[in-house]
Amino acid sequence: MELESILGYLENKTIFITGATGFVGKVLVEKILRVQPNVKKLYLLLRVSDANCATHRMHNQVYIQK
C-alpha cells in the first residue's frame, strides 16, 4: 500500500487505539500524529484503577516532551 493512500485514508478519520501506553501503542500514536495530523479524533484506551491514575499515566507515558 502506498504512503499517499494511507495518508488519504487516515485523513478526517476517528481512530480508537487500545494499549496506548504500551510500546507499540506509543509508536502507533506518534506515527499517526506525525504523518497525518488531520485525524478527526484519536481515542486512547488506558487500563487503570481510577480517573486520577488515568490522567497521570496519560501525561507521563503518552505526552512525553522531548
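Here is a walk through the fold, from the overall layout down to single residues.

What you have in front of you is a predicted model. Its chain has 66 residues, and 20% of them count as buried. The secondary structure adds up to three helices and two strands, and if you follow the sequence from the start, they come in the order α-β-α-β-α. Measured out along its principal axes, the C-alpha trace spans about 40 × 25 × 15 Å.

Let's begin in the middle of that pattern. Strand β1 covers residues 14-18, and it pairs with β2 in the parallel sense, with five bridges between the two. To see the pairing on screen, find I17, which stands opposite L44 in β2. Helix α2, residues 23-35, belongs with these strands: β1, α2 and β2 form a β-α-β unit, and that unit is right-handed.

Now look at the side chains of β1. Which residues of β1 sit on the covered face, and which on the uncovered one? I15 and I17 make up the covered face, while T14, F16 and T18 make up the uncovered one. As background, side chains in a regular strand alternate between the two faces of the sheet.

F16 is worth a second look. Together with Y43 and L45, F16 makes a nonpolar surface patch of about 330 Å². Y43 sits in strand β2, which runs over residues 41-45. Is Y43 buried, partly exposed or exposed? Y43 counts as partly exposed because its relative accessibility is 42%, and partly exposed runs from 20% to 50%.

K41 is also in strand β2. With a relative accessible area of 43%, K41 is partly exposed as well. If you want a sense of distance, take the C-alpha atoms of K41 and T21: they are 20 residues apart along the chain and separated by 18 Å.

Next, move over to helix α2. How many salt bridges does the structure hold? There is one, and it joins R34 to E30, with the closest N and O atoms 2.7 Å apart. Both residues lie in α2, four residues apart, which is about one turn of the helix. R34 counts as exposed, since its relative accessibility is 52% and the cut-off for exposed is over 50%. E30, with a relative accessible area of 40%, is partly exposed.

V24 is in helix α2 too. It is exposed, with a relative accessible area of 61%. Its C-alpha atom is separated by 18 Å from that of A54, and the two residues are 30 apart along the chain.

The loops have their own details. Q36 lies in the loop between α2 and β2. Why does Q36 count as buried? Its relative accessible area is 6%, and buried means under 20%. Q36 also makes a link to the backbone: a polar atom of the Q36 side chain lies 3.0 Å from the backbone nitrogen of N38.

K40 is found in that loop between α2 and β2 as well. Unlike the buried Q36, K40 is exposed, with a relative accessible area of 54%. To find a residue that K40 meets in space, go back along the chain to N12: the two are 28 residues apart in sequence, yet their C-alpha atoms are 4.4 Å apart.

N12 itself is in the loop between α1 (3-10) and β1. Like K40, N12 is exposed, and its relative accessible area is 54%. What stands out about the backbone of N12? N12 has a positive phi of about 60 degrees although it is not a glycine. Most residues other than glycine have a negative phi.

To put the pieces back together, picture β1, α2 and β2 as the right-handed β-α-β unit, with F16, Y43 and L45 making the nonpolar surface patch. The R34 and E30 salt bridge belongs to helix α2, and the loop that follows α2 holds Q36 and K40. From K40, the C-alpha of N12 is 4.4 Å away, and N12 takes you back to the loop that leads into β1.

Conventions: Residues numbered from 1 in each chain as written. Predicted model: local features only at pLDDT ≥ 70, side-chain atom pairs only at ≥ 80, totals over all residues. Heavy atoms only, no water. Patch = residues over 30% accessible without salt bridge, like charges linked within 9 Å, V, L, I, M, F, W, Y side chains within 5 Å. Areas by Shrake-Rupley, 256 points an atom, 1.4 Å probe, with all protein chains shown as cover. Salt bridge = Lys/Arg side-chain N within 4 Å of Asp/Glu carboxyl O. Buried < 20%, exposed > 50% of the residue type's maximum accessible area, 1.4 Å probe, protein only. Pairing = 2+ DSSP bridges. Right-handed = clockwise from strand over helix to strand, strands pointing away. Polar contact = N/O pair within 3.5 Å; in protein donor to acceptor, adjacent residues only side chain to side chain.
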